[in-house]
Amino acid sequence: MKRVLFDPISLEIHWKRLISIVDEASAAFVRTSFSLLVREANDFAVLLTDPQGRSIAQSTASIPSFIGTLPATVKHLTAKFPLNTLKPGDVMITNDPWMGAGHVHDVSTAMPIFHQGKLVAFAAVVSHMPDIGGRIRNAGNREIFEEGLQIPRLKLINAGKADQGLLDMIARNVRVPDQTLGDIFAQVAASKMLEERLRALLRDIDLASLGAEIRRRSESAMRKAIRAVPDGVYYGHSEHEGFEQPIQIKCAVKVKGDTLAIDYAGSSPQVPRAVNVVPIYAFAYSAYAVKAVLCHEVPNNEGSFLPITTSAPLGSIFNPRYPAASGGRSMVGQLTVPAIMRALAQVLPDRVVAEGSSNSSITVTGLDRGRPYAAISFMNAGQGATLERDGHTMLSFPSNVSNTPVEILEQMAPLRVIDRSIRRGSGGAGKHRGGDGLNFEIEATGETPMMASMIMTRYCSAPQGLFGAQPGKVGGLYLNGKAIDPAEHWLLKKGDRVVMQTAGGGGCGAP
């Protein structure tokens, strides 16, 4: 392709137009979605790629895991459905963890966009479904077959006509079909909005040339940032509570010239529980960590991530064999970020963040006066401090999902929120303190018992401080005042109370 030169002003104008387009599609998705996970928790992403699945721009609110996984999903879908077979009105779908976003609960769709009869781009959307069937999401599930419906790479819509058989199968396998199918078709609505808004831009510029220029500049900036790091191999580690023994996260960050490779050899082997991390997800958070430390100001696109590679031995926690369960993959996968930060702290101490805790969550399902419901509430935790500031309190990092508002949660399920407050003093001491976690207490109010499961992070293994600082306090989970195992499912009767305490972040610098 002949290179088209863009002056800085016109390039910035076109870039802002792209961002406004995907953000408008994102807003359309939020307005038309059915579930809390999109409307309140922000657990989704909208993306524009070129025909080869190389990311060009994503919605401003996109979470890091989806930024790294969704372009690969588009490439996997087009491997099954070659470009020359796609037609206007097609929409592809999958929730395969190895090709999607790491667990079956995230459903991805991609729609080809045509201009003057030529396929010029893809609109892609991924979001966490309110329910995907199976046992509700929990770290204790032992294989993928327990976790819910698996959707291979299929056509959801073929030349404008929906596959009714596929829709019937999805509806039959989930607890709240109206919400799940509603969110899937909200993804389609967002893609159509992106297509519509992109048409005006396509009349003004060649998208292929613009995408190539954006990627070229982003790649150049990332390689320049990597070259500024001394060549060498830097080792980092983290740890998460396991089952028989703690799960070890070990990484070797190899910097050579303008490339950076991360190897997870030495980490724990895969486990028969739902905390395994597929390679696509491990790459997403690894690349996020590197970019946050080295080159955070550059837009996220294919070029930003080209100089970064990851690897892990087959059969390890970061490269599990099918049919490994991965519903709680964030519990371990997001710990790649503090492990990489610890490695780079050896050469970039003023840029890294001490360990914090990723978000925890509770999922409740059941019947309320004959109406099925499925509701998920995320609970954020304390974040690590840096050499320049205290850690943030009750913030989701390295993800950026939001706490579910109390009023909305109480509308979606028969429960009452008793307490939601800052867990004072849970952050680790240091020159700068770690952020505090959250106290969250609910009471079941329905006449019919509800099933509940919890994803709890850092309830045994404390977030560590950096440079001589103290760790944060671990989290806790209690049912009617007694500590319970978050890897189990629990039946809550009317009057039962659950208390979830999220961990505090590690401090930074000697006190």
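Helices here are DSSP runs of H or I with at least four residues, strands are runs of E with at least two, and both are numbered from the N terminus. That gives us the labels for this talk. One caution at the start: this is a predicted model.

Let's begin with the open space. The largest pocket holds about 650 Å³. Which residues sit closest to the centre of the largest pocket? They are Pro64, Tyr288, Ala292, His296 and Asn300, out of 32 that line it. Three helices each put at least two residues into that lining: α1, residues 8-32, α3, residues 64-80, and α7, residues 279-294. The top contributor is α7, with 5 residues. As for chemistry, the lining of the largest pocket splits into 16 nonpolar, 13 polar and 3 charged residues.

Next, the second largest pocket. Its volume is about 300 Å³. It has 18 lining residues, and nearest the centre are Lys118, Val120, Asp206, Leu207 and Ala208. Two elements give two or more residues each: strand β5, 118-128, and helix α6, 207-227. Here α6 gives the most, again as a count of 5 residues. By class, the lining of this second pocket has 9 nonpolar, 4 polar and 5 charged residues.

Now the closed spaces. How many cavities of 30 Å³ or more are there? The count is 5. The largest cavity comes to about 140 Å³. Of its 18 lining residues, Asp43, Arg329, Ser330, Gln334 and Phe378 are closest to the centre. Helices α3, α7 and α9, the last spanning 329-333, each supply at least two residues of that lining. So keep two helices in mind: α3 and α7 line the largest pocket, and α3 and α7 also line the largest cavity. The class split for the largest cavity is 7 nonpolar, 7 polar and 4 charged.

The second largest cavity is about 100 Å³. It is lined by 15 residues, with Pro338, Glu355, Gly356, Phe397 and Pro398 closest to its centre. Its lining has 8 nonpolar residues, 6 polar and 1 charged.

On to the strands. A general reminder: strands of a sheet pair through backbone hydrogen bonds, parallel or antiparallel. Take β8, residues 232-240, and β9, residues 247-256. They run antiparallel, joined by 9 bridges. Valine 233 faces lysine 254 in β9. A hairpin of 6 residues links β8 to β9. Then β9 pairs onward with β10, residues 259-263, antiparallel again, over 5 bridges. In that pairing, alanine 252 has aspartate 263 of β10 as its bridge partner. The hairpin between β9 and β10 has 2 residues, and glycine 257 in the turn shows a positive phi of about 65°.

There is also an open sheet of 5 strands. Its order is β14-β15-β20-β17-β18, and the pairing is antiparallel. Which strands stand at the edges? They are β14, 415-423, and β18, 482-483. Each has a single partner strand, so one side of each is left without a neighbour in the sheet. At the β14 edge, the partner is β15, residues 437-444, with 8 antiparallel bridges. Arginine 416 pairs there with glutamate 443 in β15.

One residue for a closer look: serine 191. It is in helix α5, residues 177-204. Is serine 191 buried or exposed? It is buried, with a relative accessible area of 2%. Beyond its neighbours within four places in sequence, serine 191 contacts Met111, Ala123, Ala124 and Val125.

Last topic, cysteines. The structure holds 0 disulfides. Why is cysteine 251 not bonded to cysteine 508? The cut-off for a disulfide is 2.5 Å between sulfur atoms. The sulfur of cysteine 251 is 17 Å from the closest cysteine sulfur, that of cysteine 508, so the gap is too far for a bond. Cysteine 508, in turn, is in no disulfide. Cysteine 251 counts as buried, at 3% relative accessibility. Cysteine 508 is buried too, at 0%.

That's the tour. Happy to take questions.

Methods: Residues numbered from 1 in each chain as written. Predicted model: local features only at pLDDT ≥ 70, side-chain atom pairs only at ≥ 80, totals over all residues. Heavy atoms only, no water. Buried < 20%, exposed > 50% of the residue type's maximum accessible area, 1.4 Å probe, protein only. 1 Å grid on protein atoms, 1.4 Å probe; cavity = no way out; pocket = protein on both sides within 12 Å on 5 of 7 lines; lining within 4 Å. Points joined across faces, edges and corners; volume = space filled by probe spheres on them. Nonpolar A, V, L, I, M, F, W, Y, C, P; charged D, E, K, R; others polar. Pairing = 2+ DSSP bridges. Contact = heavy atoms within 4.5 Å.
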